[in-house]
Amino acid sequence: MEIQESSEEIIQRHKKEKKDLQGKIQALKKSATKGDKKKKKEVSEEIAHLENELEKKHEDELLSLQSSKTNANVAQVTDELNNVNIDTDDEVPGLTQHRITKAQRRRDKKASQLKQRELGIAEQQIENLHGVRNIEIQELKKILKARNLMVHEIPSDGNCLYCAIEHQLKILDGPTAPNLNELRTMTSDFLREHSVDFLPYLSHPDTGEMLTEQQFQEYCDQVANTPAWGGQVELKALSHILHCCIEVIQSTSPPVIIGEEYLSNGHKLILIYHRHMYGLGEHYNSVKPYEDKEDTEFSERGTADDASL
């Protein structure tokens, strides 16, 4: 008797199969030596075949899953998967017919990453209907209600930390508060000016080694110019820039207080840190005064992002 996979098991297997395919594609690309046009053509055809084959297999499996379940989240995942392209941005000479500029490749890569993230969020909505995510949300809501606060939801686009700070500043300062782009630029500049203080706390994600000076400058560029996720390093920098204390509320631990030296200034920014929004990463939300109504939309949908605290 054939064992039926659950929706969560199917999604996890799809993720693994896509990751395995990425590795196989990279190996195929490396086998296409420069000047061997026949080999390059064979590699190009093989990559296209593998991509189409996996996409069709996943589509069929999810359509079958959709027909047996009425969960709307499954339908959303199916729709997303119909438009997925495996990321093959690393160009092999001779495999493309037209010259693509570096700027276009960067734009294409960014679009691909955002698409993959949106797909991942849709998949995670199936995986997190029940479990630690909802437990965390309910615990946070209780903590906030005791302080006459509630969640102000921040979009999950990589800017969550900065957007949460922006929201808090607007509560305090109104329209004169710095916006997202200004906060990112100020943070990047502050990190550069105080590299001696921050560099020891930053490591390369692949090697675990401390960043070189060049890597640190690239990191600062990403802080300023991309939706790169922010964490404790950026919070520390923002506390100094804004001369205010930042409190980060968590569900299972006491609040983290950053910039205690600024408590006497009378302002305090309050953020919420979610560990279990999605497997994609953690997330920051903001808070607002409590309103006597059920925050069902937040409980059901949730958001996902980045930062590691």
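Me: How much surface does the protein chain expose, and what share do carbon and sulfur atoms supply?
Reply: The protein chain exposes about 17,600 Å², by the Shrake-Rupley method with a 1.4 Å probe. Carbon and sulfur atoms supply 51% of that area. This is a predicted model, in which local features need pLDDT of at least 70 and side-chain atom pairs count only at pLDDT 80 or more, while totals for chains, interfaces and linings use all residues. Residues are numbered from 1 along each chain as its sequence is written, and side-chain values use heavy atoms, with hydrogens and water left out.

Me: What share of the residues is buried?
Reply: Of the 309 residues in the protein chain, 41% are buried (under 20% relative accessible area, 1.4 Å probe, protein chains only).

Me: Switching topic, how many aromatic pairs are there?
Reply: The structure has two (ring centres within 6.5 Å; planes under 30 degrees apart are stacked, over 60 edge-to-face, the rest tilted). Phe190 and Phe198 form an edge-to-face pair, at 6.0 Å centre to centre with 70° between the planes.

Me: Are Phe190 and Phe198 buried or exposed?
Reply: Both Phe190 and Phe198 are buried.

Me: And why does the pair of Tyr273 and Tyr284 count as tilted?
Reply: Their planes stand at 50°, with the ring centres 5.4 Å apart, so the pair is tilted.

Me: Where do Tyr273 and Tyr284 sit in the chain?
Reply: Tyr273 belongs to strand 4 (residues 268-278) and Tyr284 to strand 5 (residues 281-289), 11 residues apart. Strands are DSSP runs of E, at least two residues, numbered from the N terminus. Tyr273 is buried at 2% relative accessibility, and Tyr284 is buried at 0%.

Conventions:
Buried means under 20% relative accessible area, exposed over 50%, partly exposed in between (1.4 Å probe, protein chains only). Helices (H or I, at least four residues) and strands (E, at least two) are DSSP runs, numbered from the N terminus.
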